Amino acid sequence: MKNKIWSFMVRRKVFTPKDIVKDLEGTKYKYLGKAFLRNKVKDFIKQQLYKATITAVAEGIFALKDYAPDWEKYIDKRKCAVCNREYVPFEEKQMFCSSFCKKEYYKLYHQSRRHRGKTGRKFQKWQKWEEQKLIEVFKSDNYRFNRQKAAQLSKELGRSEEAIKERLKIIRRRLKGVAL
């Protein structure tokens, strides 16, 4: 197994333990389990560091001794989706240079109108006066949905007809015990 780990290290020249584990998962050793492989790779890296055949060039990134000075050309750099700063990803799917940028991105993403979509309005809290208006309009129809009245009310309240229909169902259930 050590020979296989070494061959993957030589092939990559600059690597992270995750890269080597991922390479090993494609071989006959995949049945040993990811945690076992990770521990074997880490132990082997420690041995090679002790022997000084490889060096640690950055946090979590190792390189063969010959490639250590120019290790950055072997690692693909990315630009952060938020601050546009270049960084070295430690994972394949990593999009951000820091946890701060990640939080900032998701804060902006969840505030965007596109993400809220149609469901954002459905769960918007109803004010008491809005419910009173709804009850006044539909009381004469025994709280049954009427598309024309709903269209007129949706313009007044700034809500969709679908939201009005859903709220009317809730009101009807609430008043079920009371004689309609």
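Which strands and helices do the buried residues of H1 pack against? In this predicted model, the buried residues of H1 pack against strand E1 (14–15), helix H2 (17–24), helix H3 (34–51) and strand E3 (61–64). Before turning to the details of that helix, it helps to look at the chain as a whole.

The chain contains nine helices and five strands. Followed along the sequence, these elements give the pattern α-β-α-α-β-β-β-β-α-α-α-α-α-α. The overall dimensions are worth a look next. The radius of gyration of the chain is 30 Å, whereas a compact globule of 180 residues would have one near 16 Å. Along the principal axes, the C-alpha atoms fill a box of roughly 85 × 40 × 20 Å. Of the 180 residues in the chain, 28% are buried. When contacts between residues at least 6 apart in sequence are considered, 40% of them join residues at least 24 apart.

The surface and the charges can be described in similar terms. About 13,100 Å² of the chain is exposed, and carbon and sulfur atoms supply 50% of this area. The chain carries 47 positive and 21 negative charges, and the mean positions of the two sets lie 5 Å apart.

Helix H1 spans residues 2–12, and its buried residues are Ile5, Phe8 and Met9. Viewed down the axis of H1, these buried residues fall within an arc of 100°, so they line one face of the helix. This fits a familiar rule: an α-helix has 3.6 residues a turn, so residues three or four places apart point the same way. Asn3 and Arg11, on the other side of H1, are exposed.

What follows H1 also deserves a comment. Lys13, just after the helix, takes a positive phi of about 70°, and this residue lies in the loop between H1 and E1. Lys13 is partly exposed, with a relative accessible area of 24%. As background, most residues other than glycine have a negative phi.

A positive phi in a residue other than glycine is also found at Asn84, where the value is near 65°. Asn84 sits in the loop between strand E4 (78–79) and strand E5 (86–87). Which is Asn84, buried or exposed? With a relative accessibility of 53%, Asn84 counts as exposed, the cut-off for that class being over 50%.

Note on methods. Residues numbered from 1 in each chain as written. Predicted model: local features only at pLDDT ≥ 70, side-chain atom pairs only at ≥ 80, totals over all residues. Heavy atoms only, no water. Helix = DSSP H or I, 4+ residues; strand = E, 2+ residues; numbered from the N terminus. Rg over C-alpha atoms; globule rule 2.2 N^0.38 Å. Buried < 20%, exposed > 50% of the residue type's maximum accessible area, 1.4 Å probe, protein only. Contact = heavy atoms within 4.5 Å. Areas by Shrake-Rupley, 256 points an atom, 1.4 Å probe, with all protein chains shown as cover. Lys, Arg positive; Asp, Glu negative; His and termini not counted. Charge placed at Lys NZ, Arg CZ, Asp CG, Glu CD. Arc of directions from axis to C-beta.
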